[in-house]
2 protein chains.
Amino acid sequence: MAGLTINEAAETTGWSPRMLRYVESAGLIEPQRSPKGYRLYGPEELQRLRTLRVLLEDHGIGLGDVGFALRLRRDTELRDAVEAWFEAEVTRPADIPDSAWLRWEQEKHQRLLAALT
Amino acid sequence: MAGLTINEAAETTGWSPRMLRYVESAGLIEPQRSPKGYRLYGPEELQRLRTLRVLLEDHGIGLGDVGFALRLRRDTELRDAVEAWFEAEVTRPADIPDSAWLRWEQEKHQRLLAALT
DNA sequence: TAAAGGTTGACACAAGTGTGGTAAGGTTTG
DNA sequence: CAAACCTTACCACACTTGTGTCAACCTTTA
């Protein structure tokens, strides 16, 4: 036997079997499978399941949050896009002062309306 | 006037006024306020509101996700904890082989039960 | 000063998330 | 082989998220 079955794993980790499957569906802990498809949790999975509960409780976050963090670290494009958004500054011709730019924004609607008549 | 009011901002960004308040409540875009408490959106906020919509649509993520990413970059402790979880490996005495360790795990319940009687 | 527009707070509702339970069927084991 | 256990696929239900709308009240502006 190369690992604990789902009920055994549930017992030693504090998760319900149902939630172990859910955690797996979120891509967080994916145990090995026996030839017939039984989930087999090894020492590493069990440890990570325990620390996962602590992580969630300690910081008041959810599985979805950890799942998103996982996406962030796997999907470079996503990470870069989010990063870029946080750092984005206004990009517009440097010779238009704020006041003018704002007026332009403010009047855009009127201009659009005017253009339609 | 130091910026656009909420309805004007809504018009030029594509968000509804309701959602602009919601985005603000998520900590993503917090406009300046006039002395009497009116929201005033400047060029930077408007730009970031527009790119935010693109970010969400392009990657199929939600405001909550971006909010969590924000938490991650601001809260060092959280970031470290999540990072640590992703990288965690099993920590246990190196001289106990997997097979023994698993047996130990497997029998923990029986031992607990036995201890109670 | 009346109209237009801003503020917060609350109600409402669809869609998504977290979690439990159950059913139908295959597997392991005493 | 019967009991105990696993698998997937659903139903269900409470809670959260995203979004609109409305009320009560204050501010700006024509």
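Visitor: How many helices and strands does chain A have, and what makes them count as such?
Guide: Chain A has six helices and two strands, where helices are DSSP runs (H or I, at least four residues) and strands are E runs of at least two, numbered from the N terminus. Along the sequence, they come in the order α-α-β-β-α-α-α-α. This is a predicted model, where local features need pLDDT of at least 70, side-chain atom pairs count only at pLDDT 80 or more, and totals for chains, interfaces and linings use all residues. Residues are numbered from 1 along each chain as written, with chains lettered from A and ligands numbered from 1 in the order written.

Visitor: Which residues come nearest to DNA strand C, and what makes a residue "near"?
Guide: Its C-beta atom, placed from the backbone, has to lie within 6 Å of the strand. Around DNA strand C there are 17 residues, and A:Ser16, A:Gly64, B:Thr5, B:Asn7 and B:Arg39 come nearest. Helix 2 (17-25) and helix 4 (63-74) of chain A, plus helix 1 (6-13) of chain B, each give two or more residues to that surface.

Visitor: And which come nearest to DNA strand D?
Guide: Of 16 residues there, A:Thr5, A:Asn7, A:Arg39, B:Ser16 and B:Gly62. Two or more residues each come from helix 1 (6-13) of chain A and from helix 2 (17-25) and helix 4 (63-74) of chain B.

Visitor: What share of chain A is buried, and what makes a residue "buried"?
Guide: A buried residue has 20 or more other C-beta atoms within 10 Å of its own, with C-beta atoms placed from the backbone. In chain A, 21% of the 117 residues are buried.

Conventions: Buried ≥ 20, exposed ≤ 12 C-beta atoms within 10 Å, placed from the backbone.
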